[in-house]
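Please open the model in a viewer and keep the sequence panel visible. The tour below proceeds by selections, each followed by a description of what is found there.

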Amino acid sequence: MNNPVVEQQYQENRLEYDALQAEAEANSAELKSEILSQEAIILDAKSRLSETEMRLKSQKKYIAAVPMLEYETTRIATIQYRHQLEFEEKRLAALKQTVAAEEKATLMRLNKSASLLALREEEMRSLNVTSPVDGVLQDVAVQAGQRITMGSNIARLAKEEDLYAE
């Protein structure tokens, strides 16, 4: 048996599920890219901080030979880079939390869609009529397109061992 409405719903749900999977993969790739970008910013900030810390250390060692303005500028830059690094690390942590939340939400949407798809598949399977016993079909009591209710007699079967030739 077939039911065009059930078949259409199944196809729509299959397409929706496939689209959600593709979206999830694209979104995951984009979020991973954002994390990598943030990690690159942190590496850059660490590099600048290390550079100014080394410069400050050498200027401190030779304080008499370094103008006070240059020393103070380096000291302030070191403090700024340290704060910037801390800020960028906080941004990365927040980004990772956002990614985890988005991945969880995407997984929930995929699970919902998969459940709906499984329901539609079960509806499609329920359209198949099977007999509880083996036998030979003798008579079909319904016409194509006719509506029937569950439990209705739609055909008559005979067991092969009960048949005899005349």
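**First stop: E88**

Select E88 and display its surroundings: apart from neighbours within four places in sequence, E88 is in contact with Q38, I41 and I42. The model is a predicted one. E88 is found in helix α2, which covers residues 68–126. Is E88 buried or exposed? Its relative accessibility is 7%, so E88 counts as buried, the limit being under 20%.

**The whole chain**

Now zoom out and colour by secondary structure. The protein comprises two helices and two strands, and their order along the sequence is α-α-β-β. The radius of gyration is 36 Å, well over the 15 Å that the globule rule gives for 166 residues, so the protein is more spread out than a compact globule. Along the principal axes, the C-alpha atoms fill a box of roughly 125 × 30 × 20 Å.

With the surface switched on, the accessible area comes to about 12,800 Å², and carbon and sulfur atoms account for 55% of it. Buried residues make up 20% of the 166 residues. Among contacts between residues at least 6 apart in sequence, 70% join residues at least 24 apart. If the charged residues are coloured by sign, there are 21 positive and 28 negative charges, whose mean positions lie 14 Å apart.

**The largest nonpolar core**

Next, select L31, I35, I42, A45, L49, L85, L92, L95 and V99. These nine residues make up the largest nonpolar core. Helices α1 (4–61) and α2 are the elements that give two or more residues to this core. Which element gives the most? It is α1, with five residues.

Within this core, centre the view on I35. Not counting residues up to four places away in sequence, I35 touches L92, L95, K96 and V99. A second, separate core of six residues may be shown in another colour; among its members are Y10, Y17, A24 and L117.

**L49 and its partners**

Return to the largest core and select L49, a residue of helix α1. Its relative accessible area is 8%, so L49 is buried. Which residues are in contact with L49, leaving aside its neighbours within four places in sequence? They are T78, Y81, R82 and L85. Draw a distance between the C-alpha atoms of L49 and T78: the two residues are 29 apart along the chain, and the separation is 5.9 Å.

**K60, further along α1**

Select K60, which also lies in helix α1. K60 has a relative accessibility of 54% and therefore counts as exposed, the limit being over 50%. A C-alpha to C-alpha distance from K60 to L85 reads 23 Å, for a sequence separation of 25 residues.

**N27**

The last selection is N27, also found in helix α1. With a relative accessible area of 23%, N27 is partly exposed. Residues up to four places away in sequence being set aside, N27 touches E102 and T106. To finish, draw a distance from N27 to E123: these residues are 96 apart along the chain, and their C-alpha atoms are separated by 32 Å.

Definitions and conventions. Residues numbered from 1 in each chain as written. Predicted model: local features only at pLDDT ≥ 70, side-chain atom pairs only at ≥ 80, totals over all residues. Heavy atoms only, no water. Helix = DSSP H or I, 4+ residues; strand = E, 2+ residues; numbered from the N terminus. Rg over C-alpha atoms; globule rule 2.2 N^0.38 Å. Buried < 20%, exposed > 50% of the residue type's maximum accessible area, 1.4 Å probe, protein only. Contact = heavy atoms within 4.5 Å. Areas by Shrake-Rupley, 256 points an atom, 1.4 Å probe, with all protein chains shown as cover. Lys, Arg positive; Asp, Glu negative; His and termini not counted. Charge placed at Lys NZ, Arg CZ, Asp CG, Glu CD. Core = buried A, V, L, I, M, F, W, Y, C linked by side-chain atoms within 4.5 Å.
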